[in-house]
Structure formats: C-alpha cells, structure tokens
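Got the model open in your viewer? Let's take a short walk through it, one selection at a time.

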Amino acid sequence: MKKIFTIAAILLAASLSDMYGQDWADLNRYREADKILASETPVNGRVVFMGNSITENWYKFHPEFFTENGFIARGISGQTTPQMLVRFRQDVVNIGAETVVILAGTNDIAGNTGYASLDMIMDNIKSMCEIAKSNGIKVVLCSVLPAYRYSWNREVEPNRLIPQLNFMIKEYAGKMGIEYIDFFSAMADNTPGNENGLPSRLSKDGVHPNLEGYRIMEELISGALL
C-alpha cells in the first residue's frame with residue numbers, strides 16, 4: 001500500500017510539472033526584487049499586498065497608490081491560495097513586511113489548480129495568517145470580489161460560492177482579531193442576471209475591477225493602512 005501511495009505521489013508531481021512547469025508557485029517572479037528588499041531597511045512599516053491578477057492589475061491600473069504609500073504588490077495572475085502559501089515566506093516574511101493584505105480565493109473557486117472546497121481554501125488562508133502572526137506581521141484579510149460567472153470555467157457558480165467563502169473569511173477574522181475588509185458588499189451587483197456579480201461600470205469582464213473599482217477598494221482599505 002505504501003508503495004502504491006509513493007507511485008501516486010510521483011505521478012502527481014510529474015503531472016503538476018507538466019501542467020505548470022518546475023516553478024509551480026512562480027517563485028522566480030519576484031525573487032530578485034525580494035532579495036533587494038530583504039537587504040534594505042524600510043523607512044516606514046512595509047505593507048505587502050499578496051494576491052492574484054486582481055492585485056497584480058491593481059498596481060498596473062493605479063501604481064501611484066502603491067508607490068506614493070510605499071506599498072508592495074505581490075500579485076500573480078491566475079494564482080490560487082496553495083500557490084500563494086508556497087511563496088508567502090519569500091514574498092512577505094523574508095522582505096520584512098510589517099503588514100500583509102491578503103486578497104485570495106476566487107481562482108480556487110474557478111478551479112485553476114484543480115478542485116478546491118471552501119474548507120480547503122480556508123485552510124490555506126489560515127496557514128498564511130498563522131505564518132504572518134508567528135513572524136509579528138499584522139494581517140488584513142479581504143473579502144473575495146464579486147463574480148457572477150468565470151469566462152474560462154462556466155461550470156462553477158461563483159455568485160453562490162463567493163458569498164459563502166466570504167462568510168467563512170469574515171468569521172475567521174473576527175475569531176482571530178484580524179481586520180476584515182468587505183469589498184464584496186460595496187461592489188456587488190443585484191440586478192437580475194448578474195446577482196452577486198461585478199457591475200459593468202466597475203469591470204469589463206465581470207471579474208477584474210477597472211480603475212473605478214480599484215478606487216472603491218482603496219477607499220475601503222486605506223483606513224486599515226494609512
């Protein structure tokens with residue numbers, strides 16, 4: 001039986017390598033920049049935004065929000081919480097973060113790296129929080145943004161699953177004394193056919209915010225950071 005499990009693990013590892021390449025969590029993406037930051041002494045408390053394409057695009061749409069406040073963006077398009085967990089120490093802890101803003105989970109629901117239950121997603125979010133807290137880093141947990149459907153996987157129902165995940169994130173944050181930022185309530189659409197989705201005025205594709213959407217997010221989160 002042990003041999004069977006070993007063979008299965010080898011086959012799974014090979015499969016993941018074929019699907020994502022050797023650097024599954026994309027550790028190389030920010031490695032050199034992280035080395036530079038780790039060698040510097042931050043003037044003010046270092047704030048790191050950990051996330052996926054929503055965080056990555058945030059910096060692209062409005063870089064001034066980051067540069068003028070000394071915030072560091074560590075978003076990678078398409079990533080799920082297990083990938084973020086793998087790179088969390090490198091991209092957050094090792095660069096001397098004082099605060100980490102975690103915005104994650106939508107790609108897990110979309111199945112980007114395979115099926116993930118809401119409990120599985122929460123386990124990864126909890127692990128990131130625990131790593132941060134054990135290193136004296138303040139955590140800010142964000143709700144997952146609204147989405148009615150994913151264009152790349154229309155079989156799942158994010159408009160139903162995201163509110164459930166957000167309830168779990170909020171409940172965990174309250175239990176652990178972690179600040180929770182509710183982007184969802186401020187941005188969700190309630191019109192028929194787009195319930196719990198992003199309205200067109202805030203997003204071109206129903207998943208990623210435009211500049212107007214990011215400005216709403218900045219207003220909500222600024223109180224926790226500035």
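Start by selecting Gly51 and Gly75: Gly75, in strand β2, is the bridge partner of Gly51. Before going further, some housekeeping: this is a predicted model, where local features need pLDDT of at least 70, side-chain atom pairs count only at pLDDT 80 or more, and totals for chains, interfaces and linings use all residues. Residues are numbered from 1 along each chain as its sequence is written, and side-chain values use heavy atoms, with hydrogens and water left out. Helices (H or I, at least four residues) and strands (E, at least two) are DSSP runs, numbered from the N terminus.

**The strands**

Now select residues 71-75, which are β2; β1 pairs with β2 in the parallel sense over five bridges. Pairing here takes at least two DSSP bridges between the strands. Next, add β3 (residues 97-103), which runs parallel to β1 and is joined to it by six bridges. Look for Phe49 there: its bridge partner in β3 is Val101.

Colour β1 itself (residues 46-51), and you'll find six of its six residues buried, that is, under 20% relative accessible area (exposed is over 50%, partly exposed in between; 1.4 Å probe, protein chains only). In a regular strand the side chains alternate between the two faces of the sheet. In β1, Arg46, Val48 and Met50 are buried on one side, and Val47, Phe49 and Gly51 on the other.

**The helix pair**

Move on to Asn52. It caps the N-terminal end of α3, with a side-chain oxygen 3.0 Å from the backbone nitrogen of Ile54. Then show α3 (residues 53-61) with α10 (residues 211-225): their axes come within 10 Å and cross at roughly 100°. Axes are lines fitted to C-alpha atoms, for helices over the stretch in contact, and angles run from 0 to 180 degrees between N-to-C directions. The two helices are therefore roughly perpendicular, the label for 65 to 115 degrees. To see the contact (heavy atoms within 4.5 Å), show Ser53, Ile54, Asn57, Trp58 and Phe61 of α3 with Leu211, Tyr214, Met217, Glu218 and Ile221 of α10.

**Last stop**

Which helix holds Gln90? It's α5 (residues 81-91). Gln90 counts as buried because its relative accessibility is 15%. Its side chain makes polar contacts with the side chains of Asp34 (3.5 Å) and Asp91 (3.0 Å). A polar contact is a pair of N or O atoms within 3.5 Å; within protein, one must be able to donate a hydrogen and the other to accept it, and residues adjacent in sequence count only if both atoms are side-chain atoms.

Methods:
Parallel < 35°, antiparallel > 145°, perpendicular 65-115°, else oblique.
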